[in-house]
Amino acid sequence: HQRIAQVLEERFPETVATEPELLAHHYTEAGLLAQAIPYWQQAAQQALQRSANVEAIQHLTTGLTLLKTLPDTPERAQQELVIQASLGPVLIATKGYAAPDVEQAYSRAYALCQHVQETPQRFPVLRGLWSFYLARGEVQTAYELGQQLLHLAERQNDPALLLEAYEATGLTLFYFGELTRARAYLERSMALYDPQQHRTHVFLYGRDPGTFSLSYLAMALCLLGYPDQALQRSAEAVTLAQT
């Protein structure tokens, strides 16, 4: 198995790029787990982009299982954090936002974030916890997590993070009945949204921010007494979702 994996890496880079699960399998069977885990992660990402969510879960779960056999080091903690953060959106897609497995993945990832300095996973992990608690109807907890998202995005001054933080804040305020404030945040989110630039957000967070912002903006406008604007935004949301 080790020889096969090495030959694939040395002579067949196209196969490695398109079928990383082959390398993952052979390195696992060879007992070279440190080499196998990155390939399981790569295979999961490719499966996710094909919406092969069950496959992605299998690859990520295998990676986690192998990771537990390695020594407890900062590097292992970082690897587990990446895998748990990747697992969250796939579990949302297969089991729903409020599933216990979703909370377990994001809670474990959040605990790991406390031991890893300035990790890029902190924002998507907080975002995952926010969506879990909002779907559960625990709106106050969701609001507090949304504020953390907002502070983190503002501190980094990152438009891609601000886009998500504004959307999260807008959705939470919508469920609080704060419709005017919800509308303002959702419009700020849409002002930053670019369909091409931000299309990968669905793989990071489990949904497209533009489609959700437009959908909730339409409902807020309707309830505020602007049915024509609401209808227009709703039609834009449908078009964007179909695209």
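Is Leu162 buried or exposed, and what is its relative accessible area? Leu162 is buried, at a relative accessible area of 10%. The legends below refer to a predicted model.

**Figure 1. The whole chain is built from helices, with 14 helices and zero strands.** Read along the sequence, the pattern is α-α-α-α-α-α-α-α-α-α-α-α-α-α. Along the principal axes, the C-alpha atoms fill a box of roughly 70 × 35 × 30 Å. The chain has 243 residues, and buried residues make up 46% of them. Contacts between residues at least 6 apart in sequence were also sorted by separation: 54% of them join residues at least 24 apart.

**Figure 2. Close-up of Leu162 in helix α10.** Leu162 counts as buried because its relative accessible area is 10%, below the 20% limit. Residues up to four places away in sequence are set aside here; Leu162 then touches Ala153, Glu154, Asn157 and Leu192. The C-alpha atoms of Leu162 and His151 are separated by 9.3 Å. Those two residues are eleven apart along the chain.

**Figure 3. Close-up of Glu154 and Asn157, two residues that Leu162 touches.** Glu154 is part of helix α9, residues 139-156. Its relative accessibility is 42%, so Glu154 counts as partly exposed. Between the C-alpha atoms of Glu154 and Ala111 the separation is 23 Å, for residues 43 apart along the chain. Asn157 sits in the loop between α9 and α10. With 60% relative accessibility, Asn157 counts as exposed. The phi of Asn157 is near 50°, a positive value in a residue other than glycine. Most residues other than glycine have a negative phi.

**Figure 4. Helices α10 and α11 pack against each other, with axes that come within 8 Å.** Helix α10 spans residues 159-176 and helix α11 spans residues 179-192. Their axes cross at roughly 160°. The two helices are therefore roughly antiparallel to each other. The crossing of α10 past α11 is left-handed. From α10, the contact takes in Pro159, Leu162, Leu163, Tyr166, Glu167, Thr169, Gly170, Leu171, Leu173 and Phe174. From α11 come Leu179, Arg181, Ala182, Tyr185, Leu186, Arg188, Ser189 and Leu192. By class, the residues of this contact are twelve nonpolar, three polar and three charged.

**Figure 5. Helices α3 and α4 pack with their axes 8 Å apart.** Helix α3 covers residues 20-29. The angle between α3 and α4 is about 155°. That makes α3 roughly antiparallel to α4. The crossing is left-handed. On the α3 side, the contact uses Pro20, Glu21, Leu23, Ala24, His25, Tyr27 and Thr28. On the α4 side, it uses Leu33, Gln35, Ala36, Tyr39, Trp40, Gln42, Ala43 and Gln46. These residues divide into nine nonpolar, five polar and one charged.

**Figure 6. Helices α4 and α5 meet, with axes that come within 8 Å.** Helix α4 runs over residues 33-49, and helix α5 over residues 53-67. The axes cross at roughly 160°. The helices are therefore roughly antiparallel to each other. Their crossing is left-handed. In α4, the residues that take part are Leu33, Ala36, Ile37, Trp40, Ala43, Ala44, Ala47 and Leu48. They meet Asn53, Glu55, Ala56, His59, Leu60, Thr62, Gly63, Leu66 and Leu67 in α5. The contact has twelve nonpolar, four polar and one charged residues.

**Figure 7. Close-up of Ser51 in the loop between α4 and α5.** The phi of Ser51 is near 60°, a positive value in a residue other than glycine. The side of the cut-off is clear: Ser51 is exposed because its relative accessible area is 54%, over the 50% limit.

**Figure 8. The largest nonpolar core has 69 residues.** The residues with the most contacts inside this core are Leu23, Leu81, Val102, Phe123, Val125, Trp130 and Leu149. Val125 is in contact with Leu81, Ala85, Tyr106, Ala109, Tyr110 and Cys113, leaving aside its neighbours within four places in sequence. There is also a second, separate core of six residues. Met190, Tyr193, Leu214 and Leu240 are among them.

Definitions and conventions: Residues are numbered from 1 along each chain as its sequence is written. This is a predicted model: local features need pLDDT of at least 70, side-chain atom pairs count only at pLDDT 80 or more; totals for chains, interfaces and linings use all residues. Side-chain values use heavy atoms; hydrogens and water are left out. Axes are lines fitted to C-alpha atoms, for helices over the stretch in contact, and angles run from 0 to 180 degrees between N-to-C directions. Helices (H or I, at least four residues) and strands (E, at least two) are DSSP runs, numbered from the N terminus. Angles under 35 degrees count as roughly parallel, over 145 as roughly antiparallel, 65 to 115 as roughly perpendicular and the rest as oblique. A crossing is left-handed if the near helix is turned anticlockwise from the far one by less than a right angle, and right-handed if clockwise. Contact means heavy atoms within 4.5 Å. Ala, Val, Leu, Ile, Met, Phe, Trp, Tyr, Cys and Pro count as nonpolar, Asp, Glu, Lys and Arg as charged, and the others, Gly among them, as polar. A nonpolar core is a set of buried Ala, Val, Leu, Ile, Met, Phe, Trp, Tyr and Cys residues joined through side-chain atoms within 4.5 Å. Buried means under 20% relative accessible area, exposed over 50%, partly exposed in between (1.4 Å probe, protein chains only).
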